[in-house]
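I opened this entry to keep track of what I looked up in one model, place by place.

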Amino acid sequence: LYVNSIENKLSAFYPYYIIKFKNGSMGIYDTKAGITASDPDTKDKAESLNEYLKGLNRKKIKAVGGIVIKESRGWFVNNGLNYKYDTKLSGWSELNL
């Protein structure tokens, strides 16, 4: 669940990918593209996912993830505390799985 800031209510959030890595850690990723990457709803989901991942790690469950986009030069992930999308991909890092 996440708080939809536009409607100011709890909404369901279903990330696209939940991955278990060979080392036992978990990855939770949601893909976006174009206009959906800059949608305010995506910011709400990204920040909620980040809080969820922090909670898992506090419980000693190794977890990573974030919002993922595909650009011409590769896949990028935003897993920062404050989600922001711009064409320069400020705050994004290349996704290496």
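The notes below follow the order in which I checked things.

**Entry 1: the model.** I am working from a predicted model. My notes on contacts and exposure are computed from that prediction.

**Entry 2: the start of the chain.** I began with Asn 4, which sits in strand 1, residues 2-4. Is Asn 4 buried or exposed? I find Asn 4 buried, because its relative accessibility is 8%, and the cut-off for buried is under 20%. The Asn 4 side chain has a polar contact with the side chain of Asp 41, at 3.4 Å. Beyond neighbours within four places in sequence, I listed Lys 9, Ser 11, Asp 41 and Asp 44 as contacts of Asn 4.

Val 3 is also placed in strand 1. I noted Val 3 as partly exposed, at 46% relative accessibility. Val 3 belongs to a nonpolar surface patch with Leu 1 and Leu 10. The accessible area of these three together is about 330 Å².

**Entry 3: the loop after strand 1.** Asn 8 is in the loop between strand 1 and strand 2, the latter being 9-11. I looked up its backbone: phi of Asn 8 is positive, about 55°, and the residue is not a glycine. I set that against the general pattern, in which most residues other than glycine have a negative phi. Asn 8 is exposed, with 63% relative accessibility.

On either side of Asn 8 I checked Glu 7 and Lys 9, whose side chains form a salt bridge at 3.2 Å, N to O. Glu 7 is partly exposed at 49% relative accessible area. Lys 9 is partly exposed too, at 43%.

**Entry 4: salt bridges.** How many salt bridges does the structure hold? I have 6 for the structure. Side chains of opposite charge can pair when their charged atoms come close.

I next took the pair Asp 30 and Lys 32, with a salt bridge of 3.3 Å, N to O. Both residues of this pair are buried. Asp 30 lies in strand 4, residues 26-31, and its relative accessibility is 2%. Leaving out residues up to four places away in sequence, I found Asp 30 touching Phe 13, Tyr 14, Pro 15, Tyr 16, Gly 66, Ile 67 and Val 68. I also took one long-range distance: Asp 30 and Leu 81 are 51 residues apart along the chain, with their C-alpha atoms 16 Å apart.

The pair Lys 54 and Glu 51 has a salt bridge of 3.1 Å, N to O. These two are 3 residues apart in helix 1, so about one helical turn separates them. I recorded Lys 54 as partly exposed at 34% relative accessibility, and Glu 51 as partly exposed at 42%.

**Entry 5: helix 1 and what follows.** Thr 42 is in helix 1, residues 40-58. Thr 42 counts as buried because its relative accessibility is 3%. Which residues does Thr 42 contact, leaving aside neighbours within four places in sequence? I listed Lys 32, Thr 36, Ala 37, Ile 67 and Tyr 83.

Lys 60 lies in the loop between helix 1 and strand 5, residues 63-71. Its phi is positive, about 70°, although Lys 60 is not a glycine. Lys 60 is exposed, at 76% relative accessible area.

**Entry 6: nonpolar cores.** I then looked for buried nonpolar groups. In soluble globular proteins, nonpolar side chains tend to be buried together. Which residues make up the largest nonpolar core? I count 8 residues there: Ala 37, Ala 46, Ile 67, Ile 69, Phe 76, Tyr 83, Leu 89 and Trp 92. A second core, separate from that one, has 7 residues, among them Phe 13, Leu 49, Leu 53 and Leu 56.

Back in the largest core, I followed Ile 69. Outside its neighbours within four places in sequence, Ile 69 contacts Lys 32, Ala 37, Gly 74, Trp 75, Phe 76, Tyr 85, Leu 89 and Trp 92.

**Entry 7: a late loop.** Last I looked at Ser 90, in the loop between strand 6 (74-78) and strand 7 (93-94). Ser 90 is partly exposed, with 37% relative accessibility. From Ser 90 to Leu 53 I have 21 Å, C-alpha to C-alpha, for a sequence separation of 37 residues.

Conventions. Residues are numbered from 1 along each chain as its sequence is written. This is a predicted model: local features need pLDDT of at least 70, side-chain atom pairs count only at pLDDT 80 or more; totals for chains, interfaces and linings use all residues. Side-chain values use heavy atoms; hydrogens and water are left out. Helices (H or I, at least four residues) and strands (E, at least two) are DSSP runs, numbered from the N terminus. Buried means under 20% relative accessible area, exposed over 50%, partly exposed in between (1.4 Å probe, protein chains only). A polar contact is a pair of N or O atoms within 3.5 Å; within protein, one must be able to donate a hydrogen and the other to accept it, and residues adjacent in sequence count only if both atoms are side-chain atoms. Contact means heavy atoms within 4.5 Å. Patches are made of residues with over 30% relative accessible area and no salt bridge: like charges are joined within 9 Å, nonpolar side chains (Val, Leu, Ile, Met, Phe, Trp, Tyr) within 5 Å. Accessible areas come from the Shrake-Rupley method with a 1.4 Å probe; for residues, only the protein chains shown count as cover. A salt bridge is a side-chain nitrogen of Lys or Arg within 4 Å of a carboxyl oxygen of Asp or Glu. A nonpolar core is a set of buried Ala, Val, Leu, Ile, Met, Phe, Trp, Tyr and Cys residues joined through side-chain atoms within 4.5 Å.
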